[in-house]
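Please look through the sequence and the structure below before reading on. The report that follows is meant for someone who meets this structure here.

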Number of protein chains: 2
Amino acid sequence: MQFTIQRDRFVHDVQHVAKAVSSRTTIPILTGIKIVADHEGVTLTGSDSDVSIETFIPKEDAETEIVTIEEEGSIVLQARFFAEIVKKLPGDTIEVIVQDQFATTIRSGSSVFNLNGLDPEEYPRLPQLEEDLLFRLPQDMLKNMIRQTVFAVSTQETRPVLTGVNLETEAGELICTATDSHRLAMRKATIERNDEELSFSNVVIPGKSLNELSKILDDSNELIDVVVTENQILFKLKNLLFFSRLLEGKYPVTKNMIPTQSKTSFTLKSKPFLQTLERALLLSREGKNNVINLKTLEGGLIEITSIQPEVGKVTESIQSDNMQGEDMRISFNGKNIIDALKVVDSEEINIVFTGAMSPFVIRPTDHDHYLHLFSPVRTY
Amino acid sequence: MQFTIQRDRFVHDVQHVAKAVSSRTTIPILTGIKIVADHEGVTLTGSDSDVSIETFIPKEDAETEIVTIEEEGSIVLQARFFAEIVKKLPGDTIEVIVQDQFATTIRSGSSVFNLNGLDPEEYPRLPQLEEDLLFRLPQDMLKNMIRQTVFAVSTQETRPVLTGVNLETEAGELICTATDSHRLAMRKATIERNDEELSFSNVVIPGKSLNELSKILDDSNELIDVVVTENQILFKLKNLLFFSRLLEGKYPVTKNMIPTQSKTSFTLKSKPFLQTLERALLLSREGKNNVINLKTLEGGLIEITSIQPEVGKVTESIQSDNMQGEDMRISFNGKNIIDALKVVDSEEINIVFTGAMSPFVIRPTDHDHYLHLFSPVRTY
């Protein structure tokens, strides 16, 4: 194998596929990045067997020559070294030459690296997916959907299915749900489908995979294809394929958890409320329980307090709007509400309480694309 | 005690004194920041008994009112909480009120914090230093001197005196030296003295203290006073005092270590040389020994190589200027040279070798304010 490639484009794509490579894999070949040069261009693959990323660098892009293939072939190179090396190479182009015994030479400017490669025949094949279940959505929307749900997945392996985000369709909409059983984040979006009848449920993508995917997605509204199969999901971007394993097991039915009635409700400005909770958390996080107390006062005032007996107490009053229903005293994990408010893009949110011991809901006031549900904390 | 203070100025000064506070102190009162309000303004103190920082916020600065003192007094507040709290307070001003039993109220905007204070009488007094040994230098120069030496101090406690930077005077110049016995960084500077006869040696400031001081120094050329006593050094900035304990023990005489003859010498561009070594280190740091090899070739070419048998080899040739003397092959700890080249501000450096097993010296070509000395590494 021998090819010469534009340095910046190569570095960009190597960093992408390196995201899928884990140094803790038990399969030695997966510590490497697979490089294939053929008559169309160069394909790079990285995988930790849960997530696989494949990128393709065409010979030409927008009339500019990116790769010159002198000899087709393939090699696997240690991802950790290779990704660092290409980043630091001095020239504008990089030459990759593979000789006998997988001995690989990488030349750029004054620099020559001789690396011991691995046998590309040992590298596992990526899954070939049936593309029956296919839908499309803009990249930036997918990025937002991940941001607004993935923080709520469980980090505990006791119920593995909760470490993922659940995807399902309902009435032509895509619904993403994440919950760690103390809080829940739900996000809806309209998607384009190849088949009007398309419907699925219990498609649970590991949170870790979505965090990696999110780093690759940009804020363009370019449509990406999503293919869903029994145990894999594939996101098809331009010149990049992102495969993730799906989590096994039955995702809990969350629809019925969302209260429909209201005992107390009011509206707050999102950002000032977030900042008030962050100040209250300064004391409550000390006890490691993050408990913050909320109490309705006269005239729509809301009192937020937090107590850490050894250190002190914080009290803050904020003005709400549209106060409706009974007086309310409730305690909650402040960190969970803060996490949710951080991904709320709307200026105002509405909080609906159904009782001091029942879950409560935060929704933006200007649309119903997402909601956040929280369990209160018992403080007695 | 009761006062109202401009939030931004208070936050700025609290962050400064908090740098001296360690959460691992064995003296409970030192986990706090001492606040004293008197008729002139507010004084803040933080200390871990090695480093003490005192800042003063005057009632007025440049005709602007900064503090209004309603009642003089003092308190000690837990640094960790207090520093975080003031940073997040919502108002433009902060009101601090101390009542009975050191109960302290901090108000700002809608936010009220009630904190348990500590008895200010328990807080140790700062040392009163004799100001006999006093010199002056610009802040930016001191900041540079720290940057160009402190990285070379030893991190090992086996020879405690080497964990500090040694200060001494010679012919009216200040000389700073740091060494971990494998490398040495030396920086000279002209200082202003209160006494033409001023001279001292073996003033060893802990590297840790200098790193903290460096964060407080800015790039202005405002002169700062430095007071040296038997076991303390004091840096006097405008409205800020920085005290550090000095290290005990005899600092090694380093002057004779610096070779005066030359077997081989040449000149290199600093930045390309640094980048070449960084690439070579990608492989050599793997073996944890950081060994990089240098070899002179024909025509002033220098070959840099590094080998990691399991991974591969890197070779790079760079062009030197003013090659003089014999051919040279030498191996060294590449990380040490990289550290030094990172603080070199000159475009070109001169390297002087005295033999494959003898120390070598790197100096900027355009002045003699600093030099870096390195021991080679045996590779056989």
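The text below takes up the arrangement of the chains, an annotated stretch, a group of strands, a helix and a set of aromatic rings.

What is shown is a predicted model. A rotation of 180° with 0.0 Å of shift along its axis superposes chain A on chain B, with an RMSD of 0.0 Å. That is the relation of a two-fold axis. Among the residues of chain A, K215(A) comes closest to this rotation axis, its C-alpha lying at 16 Å. Since 100% of the interface residues of chain A are also interface residues in chain B, the copies meet through the same surface.

For chain A, an unreviewed UniProt entry lists residues 137-252 as "domain: DNA polymerase III beta sliding clamp central". Over residues 137-252 the chain is 16% helix and 41% strand, and the C-alpha atoms at the two ends are 25 Å apart.

In chain B, strand β27 pairs with two other strands, as the table sets out.

| Strand pair | Direction | Bridges | Facing residues |
|---|---|---|---|
| β21(B) (residues 264-269) and β27(B) (residues 348-353) | antiparallel | 6 bridges | F266(B) and I351(B) |
| β27(B) and β28(B) (residues 360-364) | antiparallel | 4 bridges | I351(B) and I362(B) |

I351(B) thus appears in both rows, being the bridge partner of F266(B) and standing opposite I362(B) in β28(B). β27(B) and β28(B) form a hairpin with 6 residues between them, and in its turn G355(B) has a positive phi of about 145°.

Helix α6 of chain B covers residues 334-343, and 8 of its 10 residues are buried, so the helix is largely enclosed by the rest of the structure. The buried residues include I337(B), I338(B), L341(B) and V343(B), as well as the polar N336(B) and D339(B). At the start of α6(B), a side-chain oxygen of N333(B) reaches to within 2.9 Å of the backbone nitrogen of K335(B).

Over all chains, the structure holds 16 aromatic pairs. In one of them, the rings of F332(A) and F360(A) have their centres 5.7 Å apart and their planes at 50°, so the pair is tilted. Because F332(A) lies in strand β26 (residues 329-333) of chain A and F360(A) in strand β28 (residues 360-364) of chain A, the pair ties together parts that are 28 residues apart in sequence. Both F332(A) and F360(A) are buried. Ring pairs also link these two residues with F266(A), F353(A) and F374(A) into a cluster.

Key:
Residues are numbered from 1 along each chain as its sequence is written. Chains are lettered from A and ligands numbered from 1 in the order in which they are written. This is a predicted model: local features need pLDDT of at least 70, side-chain atom pairs count only at pLDDT 80 or more; totals for chains, interfaces and linings use all residues. Side-chain values use heavy atoms; hydrogens and water are left out. Two strands pair if DSSP finds at least two bridges between them. UniProt positions are given in the numbering used here, feature names are shortened, and annotations may be inferred rather than shown by experiment. Rings of Phe, Tyr and Trp (its six-membered ring) pair if their centres lie within 6.5 Å; planes under 30 degrees apart count as stacked, over 60 as edge-to-face and the rest as tilted. Buried means under 20% relative accessible area, exposed over 50%, partly exposed in between (1.4 Å probe, protein chains only). A polar contact is a pair of N or O atoms within 3.5 Å; within protein, one must be able to donate a hydrogen and the other to accept it, and residues adjacent in sequence count only if both atoms are side-chain atoms. Copies are superposed by least squares on the C-alpha atoms of residues with pLDDT of at least 70 in both. Contact means heavy atoms within 4.5 Å.
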